Amino acid sequence: VQLQASGGGLVQPGGSLRLSCAASGSIFSIYDMGWYRQAPGKQRELVARISRGGRTNSADSVKGRFTIPRNNDQNTVYLEMNSLNSEDTAVYFCNADLSTGRGRQPTSYWGQGTQVTVSS
């Protein structure tokens, strides 16, 4: 199983970016998917998560600015980021809780991380 994240880059304050994360491999079912981020010198923190049914939760710092759509048919989760500011600068990691076979317990998988830098 692999999670391939993409879409990071350099953006000016107030700008927007969209991250993508596609899960591939021997996947039976994907449950929750989400995005986390880690800024230099800080712990990794939750940005937003979405259940298979579409229920979401997100950090207070991104509410109203970030959304987390998901395409279950394509095993893909996105992070749409608007009104970015310097405090959003971090490496963003995607995460998925998934099972690889019927009856198997779900396991948490991580993508490789993609850098988002907000700077003028």
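Asn-75 sits in the loop that links β8 (70-71) to β9 (76-81). Its phi angle is near 50 degrees, a positive value in a residue that is not glycine. The model you are looking at is predicted, and that loop is a handy place to start a tour of a protein with 12 strands and 0 helices. From there, the points below go through the loops, the overall build, strand β10 with its partners, and one residue of strand β12.

**Two loop residues to look up**

- Asn-75 has a relative accessibility of 22%, so it counts as partly exposed, the class that begins where buried (under 20%) ends.
- Ser-83 is placed in the loop between β9 and β10.
- As a residue other than glycine, Ser-83 also has a positive phi, near 50 degrees.
- Ser-83 has a relative accessibility of 43%, and it therefore counts as partly exposed, since exposed would require over 50%.

**The overall build**

- If you follow the sequence from start to end, the pattern reads β-β-β-β-β-β-β-β-β-β-β-β.
- The radius of gyration is 14 Å, close to the 14 Å that the globule rule gives for 120 residues, so the protein is as compact as a globular protein of that length.
- The C-alpha trace spans about 50 × 25 × 25 Å along the principal axes of the protein.
- Of the 120 residues, 41% count as buried.
- Among contacts with a separation of 6 or more, 55% are between residues 24 or more positions apart.

**Surface and charge**

- The accessible surface of the protein comes to about 6,500 Å².
- Carbon and sulfur atoms account for 43% of that accessible surface.
- The protein carries 12 positive and 8 negative side chains.
- The centres of the positive and negative sets lie 6 Å apart.

**Strand β10 and its partners**

- Strand β10 covers residues 90-99, and 8 of its 10 residues are buried, so the strand is largely enclosed by the rest of the structure.
- Strand β4 (residues 29-38) runs antiparallel to β10, and 8 bridges join the two.
- To find this pairing in the viewer, look for Gly-34, whose bridge partner in β10 is Asn-95.
- Strand β11 (residues 107-110) pairs with β10 in the antiparallel sense over 4 bridges.
- A good marker for the pairing with β11 is Asp-97, which stands opposite Ser-108.
- Strand β12 (residues 114-118) also pairs with β10 in the antiparallel sense, here over 3 bridges.
- On that side, Ala-90 stands opposite Val-116 in β12.

**A closer look at Val-118**

- Val-118 belongs to strand β12.
- Is Val-118 buried or exposed? With a relative accessibility of 6%, below the 20% cut-off, Val-118 counts as buried.
- Val-118 and Pro-13 are 105 residues apart along the chain, yet their C-alpha atoms are separated by 5.8 Å.
- Which residues does Val-118 contact, leaving aside its neighbours within four places in sequence? They are Val-11, Gln-12 and Pro-13, together with Leu-84, Asn-85, Ser-86, Asp-88 and Thr-89.

**To take away**

- In this predicted model, the protein has 12 strands and 0 helices.
- For a first look, try strand β10, which is largely enclosed by the rest of the structure and pairs in the antiparallel sense with β4, β11 and β12.
- Then compare the loop residues Asn-75 and Ser-83, both partly exposed, with the buried Val-118.

Conventions
Residues are numbered from 1 along each chain as its sequence is written. This is a predicted model: local features need pLDDT of at least 70, side-chain atom pairs count only at pLDDT 80 or more; totals for chains, interfaces and linings use all residues. Side-chain values use heavy atoms; hydrogens and water are left out. The radius of gyration is taken over C-alpha atoms; the globule rule is 2.2 Å times the number of residues to the power 0.38. Buried means under 20% relative accessible area, exposed over 50%, partly exposed in between (1.4 Å probe, protein chains only). Contact means heavy atoms within 4.5 Å. Accessible areas come from the Shrake-Rupley method with a 1.4 Å probe; for residues, only the protein chains shown count as cover. Lys and Arg count as positive and Asp and Glu as negative; His and the chain ends are not counted. The place of a charge is taken as NZ of Lys, CZ of Arg, CG of Asp or CD of Glu. Two strands pair if DSSP finds at least two bridges between them.
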